[in-house]
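Reader: I am in my first year of study and would be grateful for guidance in reading a structure of this kind. Would you please take a close look at one part, explain each term as it arises, and then relate that part to what lies around it?

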Amino acid sequence: MILQALLLVVALMIVGALLIFGIPPLRRALLSKAVFKTYKSILPQMSETERDALEAGTVWWEGELFQGDPDWNKLLAYPVPKLTAEEQSFMDNEVEQACSLVDDWQVTSELHDMSPEAWAYIKEKGFLGMIIPKAYGGLGFSAYAHSQVVTKLSTRCSALSVSVMVPNSLGPAELLMHYGTDEQKKYYLPRLAKGLEIPAFALTSPWAGSDAASIPDSGIVCKGQWQGKESLGMRVTWDKRYATLAPICTVMGLAFRLYDPDGLLGSKKDIGITCALVPRETPGADFGRRHFPLNAMFMNGPSHGQDVFMPLDYIIGGPKMAGQGWRMLMECLATGRSISLPSSNSGMAQMTARAVGGYARVRSQFKMAVGRFEGVEEPLTRIGAYTYMMDAVRKMTAGAVDLGEKPSVASAIAKYHVTERARQVVNDGMDVIGGKGICLGPSNFLGRAYQQIPVGITVEGANILTRSLILFGQGAIRCHPYVLKEMQAAHNPDAEQGLIDFDKALFGHIAYTIRHCLRAIMKGLTGSHFVKVPDSVAPETRRYYQQLTRFSTAFAFLADISMLVMGGELKRRERLSARLGDILSMMYLCSATLKRYESEDRQKEDAPLMHWAIWDTMYKAQMAFDGFLANFPNKFIGRLLNRIIFPLGHPYDVPSDKIGHQVAKLLISPSAARDRLTAETYVPMVETEAVGAIELALNATIEAEPIDAKIRSAEKAGMFRDMPGANVRDVAQLAFSMGVITTEEFALLKRRNHLRDIVIRVDDFPHDYGFYQRQPVAHKAAA
């Protein structure tokens, strides 16, 4: 009887729960209403600028990874970006020519700018108007073509690449295309396309660096004199810095907060952040001075103005777009961030991989190429694998823009992780080339890149901020299927409709979390071996897809539990938020790498690059899980989550040294794989160019290696014992004089030695070099 009574009670409880959960009106009355009230009380108020930032852009592949069950068929179906015939011709001709017109040492040490000839060429050939439609005189290139151009220019000279990159990124041209009035478009876009106007954009204030939405720069709507007549306009005061091309620009995009205290435009006093176009000749506008961003020598500088009167027509989009500036910037930011820094840093990595790899084969120590030492193979491995992954991320993210996406989270991932890996690649490159790298001069191909690495780390969202606040913080709201809906319901002024929407989102969220908990347990216990992946994927990558699905499920569950346990505190626990962002990022990087491997027809020679890059990245994702769980504020829940996610231990350890050896070997030997890895590198095949000399010396070194082997055999046989000239520098002459090698072989060695001496040469200068400041070069770019 007791057992029957217990069963009856349990049955009644289950029926009651089903009734409550299954009948929405009852559920709302008994549960959701109270939860909704509490949720609204703890949810911080969201400003308009915060809402614009959170809702800007689109959710793309990162959303699939965030939600725990990525559809790999969708990833594989994304079209592979390709250049049109016109774009390819531009790469093969105009881009090559532009590279040939600049010399990085001359730019950074003598001219402190590009030459007038280089400026004239990039303006004449439309480099500054690549994104502007042909209808307005621009090139109308795709985002992928834009990325390809910037990548290649970056292998040659940062001043060249940045000067082309900025006008085609977030700035006047893009803002005009999306929001400008017809009159603004018709006037400015053709002039920008032809280089008759040089654009810049000023956003950052000394008082509001990364917190750009808090800029103190302001404008007051008022009446004033304009061109001899009283006009309705605005009096603007600003103090900006870090504006690229500002010192030479002819028109500057300017962001400021607009106020209307006298109600001249309407009842709203604080109109909000506004973007205007300010011509250089505007009375009171000052854009003359420049910064020196770590000797990169692209034009970058401050801008100031005090009570500068300008007409309302200066507002991009006209007076109706007053106050819409932050939304405009946020909507366009994802596009520029998807291309600019990923492209320029991928170019830097490609140049490093090609030149350092070649140098490591040409330079020998202890009678062996330094690239064959295991200690040197380790950094060479990172250089090669990271470059492969960086370029995969660059191409896939640029391709998303061409699909019409504005991937706000994916672009932040690309910007952060490509620049961080570029930092590692260049640091490793400097370690390999040693003393040559620390002495600047015309033959030092890596020193300036090493100096300038922090530029990419700092701009377009400082990496510390991006990692700790954006990658997961924005991703949690934009990519999660329910969080944004819950927030929108809480902010709905119609309380009744808000409760209905909240109830629907809340219980969908609960079911979503339970489902991912069960799936995480099952995938952990089975090692993800039964996860279904497309039959079309390469057999050697199948396990990566399965493990990525497992990590995605575990991440989705962990994110939900974390938000439940910590609530708004998670945003303030930046180390924890950053680790969740790391996991999401690593999955995105692996996805891009797998996409590249498939789209390039599973090149067998490239497989070591793919394997090492993915293994290393999955290991880092695993460590991010560990770091998060070890520091979870509730230790009991942290240990429980660890058991759920890794019930049988860790699936990954450090990447294999065997695969690393294969990657390093690929970098020091000419091959189709090496050419694919560094496809966008500008390589002038002349010995007077640092990178070209390495390439020539590499070919000569490989050709001479059998001859070196003959000489070493003679040395081992004692033929040169105690003889003058039996040293590393003169032994070839001695071997020739003793008949060990032929005339033809000696000629090959002489040629190799000549090129090797150029490659290993370290620049030197007169002792008073740089003591006296040279006369500044007059800037003619904007003439």
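**The second largest pocket and its surroundings**

Author: Helix 29 supplies six residues to the lining of the second largest pocket, the largest share of that lining. Please note that the model is a predicted one, in which local features require a pLDDT of at least 70 and side-chain atom pairs count only at pLDDT 80 or more, whereas totals for chains, interfaces and linings use all residues. Residue numbers start from 1 along each chain as its sequence is written, and side-chain values use heavy atoms, with hydrogens and water left out.

Some terms must be settled at the outset. Helices (H or I, at least four residues) and strands (E, at least two) are DSSP runs, numbered from the N terminus. A pocket is found on a 1 Å grid over the protein atoms alone, as an open set of points with protein on both sides within 12 Å along at least five of seven lines; a cavity is a set of points where a 1.4 Å probe fits but cannot get out, and lining residues have an atom within 4 Å of a point. Grid points are joined across faces, edges and corners, and a volume is the space filled by probe spheres set on the points.

The second largest pocket holds about 560 Å³ of space. Its lining consists of 25 residues, and those nearest its centre are Ser-364, Lys-367, Asp-708, Arg-712 and Arg-752. At least two lining residues come from each of helix 13 (325–362), strand 7 (364–365), strand 8 (368–369), helix 29 (690–716), helix 30 (731–737) and helix 31. Sorted by class, the lining has 10 nonpolar, five polar and 10 charged residues. In this sorting, Ala, Val, Leu, Ile, Met, Phe, Trp, Tyr, Cys and Pro count as nonpolar, Asp, Glu, Lys and Arg as charged, and the others, Gly among them, as polar.

One of the residues nearest the centre, Lys-367, leads to the matter of charge pairing. Side chains of opposite charge can pair when their charged atoms come close. A salt bridge is counted when a side-chain nitrogen of Lys or Arg is within 4 Å of a carboxyl oxygen of Asp or Glu. Lys-367 and Glu-715 form such a bridge, at 3.8 Å from N to O. Lys-367 belongs to the loop between strand 7 and strand 8 and Glu-715 to helix 29, so this pair ties together parts that are 348 residues apart in sequence. As to accessibility, buried means under 20% relative accessible area, exposed over 50%, and partly exposed in between (1.4 Å probe, protein chains only). Lys-367 is exposed, at 60% relative accessibility, and Glu-715 is partly exposed, at 28%.

Helix 29 also takes part in a second bridge, formed by Arg-674 and Glu-695 at 3.1 Å, N to O. Since Arg-674 lies in helix 28 and Glu-695 in helix 29, the pair ties together parts that are 21 residues apart in sequence. Arg-674 is buried, with 2% relative accessibility, and Glu-695 is buried as well, with 6%. Further salt bridges share partners and join Asp-391, Arg-394, Lys-395, Arg-596, Glu-600 and Glu-680 into one network.

Helix 28 has a further link, through Arg-676, whose salt bridge with Asp-606 brings the closest N and O atoms to 2.9 Å apart. Arg-676 lies in helix 28 (residues 672–677) and Asp-606 in the loop between helix 24 (574–599) and helix 25 (607–630), so the parts tied together are 70 residues apart in sequence. Here Arg-676 is partly exposed at 24%, whereas Asp-606 is buried at 2%. The structure holds 32 salt bridges.

For contrast, one may turn from the pocket to the enclosed space. There is one cavity of 30 Å³ or more, and the largest cavity has a volume of about 40 Å³. Its lining is made by Val-166, Pro-167, Ser-169, Leu-170, Gly-171, Pro-172, Pro-199, Ala-200 and Phe-201. Strand 1 (residues 199–202) gives the most to that lining, with three residues. Seven of the cavity's lining residues are nonpolar, two are polar and none is charged, whereas the lining of the second largest pocket includes 10 charged residues.
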